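I open this notebook to look up how aromatic rings meet one another and where charges sit over them.

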Amino acid sequence: MAVPSARPRARRRPLVAALFSALALAATAVPAGAAPTADFVPVPPHNPYAGPDGTATMHGDTGSSDTTPLAGPGAGNLSSKRVALASACPTVLVGSDGHPVVLCTPIFGQVPTVHLLNPADGSSLTTLQLTKGSLLGGVYAYLDDQDRLVVVDGSRSLLRVAHRKDASGKWHLSVDRSLSLASAVPADDAVTGLSPDWQGRVWFATGNGVVGLADDRTGQVSTLRLPAGERVANSISTAPEGTAVTSTHATYLLTAAADGTPRIAWRQEYDRGRARKPGLLSWGSGSTPTFLGPKTGTDYVAIVDNADTTVRLKVYRTDGGAEICSIPVLQASGGPGSENSPIGAGNSVFVAGTYGYPYPALPDGAGPSVPSSADFAGGLTRVDIRPDGTGCATVWDNTLRSAAVPKLSTATNTLHTVVRDPLIPGTKGTGILDPYRYVQIDPATGRVTRSRQVGIGSLYDTLQMAGTVAPDGAYLQGTVTGVLRITAG
C-alpha cells in the first residue's frame, strides 16, 4: 500500500454534486438478519491462535477468504464519518473486545503507528509508534487470540502489541513480547506478510523471498529461501494443511518438518507477463493467496496471474497442487490486472480489478509499468468451481470500479466495498475530485443494491485497501488520510 503526499481538502461544487446524483443508484436495504444460503459456505476454519473470524486479519481470517460472519450496516439510512488520522491506514482489525486496532503510515515521516480506536465513534484512544522499515512493513499484521497486534517492525523484530486500560481509565498500547528475526532476515530485506499456524508459530515471508517459521515462545526461527529472483510482494495465508505463499513467479504450499524447518509441498508457476502493470504494485500476481472450498473451506488455493492481455483466475488443489482451472476474468472491464486478494467462499471466487489505479507511491523495486499509465478500468467477476472440482465457469462479469478490497458477509450474502466513480459519467479517468461511494452488492447477480456517497476528493481515496465489518455493524474502511466509519439507522 502507498502513502500519498498531503493534498488540500477537495471542495464540493454544485457541478460535482449534480454529476454524482446522476451516478447514484436507488438504495434498497438488505435485511440485517437474513439467513445465509449454502452458496457461500463453508469458509476457512477458525485458527485458534488468531482473533475473531472476519476481523483478525486484513483479509478476514488466516485463510485470506475476505469473508466475514458479521452483517455490516443494516436497515435504515446510511451515514458516514471520516476519522482523520493524517495517515494511510490499510490494516483495520477488531478484537474480541470490540476495539478496532489500526496500523497506519503517517503522511509525514511515514513511521508505522498503531492506533486503538473508540468503537463508539472511531476516535483514536491512544497510539504507539513502531520502528520504521519498508513501505509494506507497515501494512500486514494480524490479531492473535489475546487481541494483540502481531507485526514485524523495521528493526526486524516480531512484536505482539497489547492494549490495556490503567487504573485511571486511560488506554495504553505496549509491546507484550518481542523476538528478533535479524538472524533470519538480512538487513537489506523486510518482512512483507505473516500469519499464525495451528500450533501458535508465526509464518513470515520477506520481500526478497525468504520464508520463515518463528516461535516467539521458544525463540526458534527457521527459514527457507525461494529460488533466486523471486520476491514476495503480498501477504501469506495459513490453513491446517499448510501455508500458501505467492511470489512474483509462482504459488507455493509450504509445510513444516518435525524440527520446524519450512519445506515446499508443491509449487505452481503462473504467467507473470512481461512487466508490472499500472494499478499493480509489483511485477507478478497481486494476490494474497486465498483458501476456499466446498468441504473443509480450504480444499483449494486461488490467485490471479499477471498475463499480458487477459488475466486468469488460477485455482489449485491444496492437496498436491493440481490445477483445477485457469479461467479469464475481468473481461467486461478490459482491465487485465488485480492487486487484490480474491474472495473465496464455498465454490465461489470473486475477483476485483485494479488495472490503472493511481497509486501515489510504489514500494522499492516495483520497477516501471508497461504501459507507463492507464485509465482505471475496475471490474468485478464471479467464478464458480464446479461441484465435482473438474473446472470453473464464469457466473457474471461487470465493470464496477471497486476502489477497495471487497468483503463478503456470509450473514447476509452481501458484498461490501467502496467504489470510485469518474468525475464525468461514462469516462474512466481519475482525478482529485472523484466521488467515492460505499456500496452493497448482490453476489448472485453482481448488481449494486444499496449505495451511499462517503466523500468527494483525494482525502477519501481508499487506495485499494481492505474494509472490515465491526461487531456493531459499522463498516470500517481505511483511506489515505484515516478511516471511514459507515453506519446505518
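My entries on ring pairs come first, followed by those on charges over rings.

I note that this is a predicted model, in which local features need pLDDT of at least 70 and side-chain atom pairs count only at pLDDT 80 or more, while totals for chains, interfaces and linings use all residues. Residues are numbered from 1 along each chain as its sequence is written, and side-chain values use heavy atoms, with hydrogens and water left out.

I searched the whole structure and found six aromatic pairs (rings of Phe, Tyr and Trp, the last by its six-membered ring, with centres within 6.5 Å; planes under 30 degrees apart are stacked, over 60 edge-to-face, the rest tilted). Trp266 and Tyr316 are one of them, and because their planes stand at 55°, with the centres 5.7 Å apart, I enter the pair as tilted. Trp266 belongs to strand 18 (residues 262-269) and Tyr316 to strand 21 (residues 312-317), so this pair ties together parts 50 residues apart in sequence (strands are DSSP runs of E, at least two residues, numbered from the N terminus). Tyr316 is buried at 0% relative accessible area (buried means under 20%, with a 1.4 Å probe and protein chains only), and Trp266 is buried at 6%.

I then looked up Phe350 and Trp396, a tilted pair with 6.0 Å between centres and 45° between planes. Phe40 joins Phe350 and Trp396 in a cluster linked by ring pairs.

For charges over rings (NZ of Lys or CZ of Arg within 6 Å of the ring centre and within 35 degrees of the ring normal), I found Arg272 over the face of Trp283, at 3.9 Å from the ring centre. The charged end of Arg82 sits over the ring of Tyr460, 5.8 Å from its centre.

Methods: Helices (H or I, at least four residues) and strands (E, at least two) are DSSP runs, numbered from the N terminus. Buried means under 20% relative accessible area, exposed over 50%, partly exposed in between (1.4 Å probe, protein chains only).
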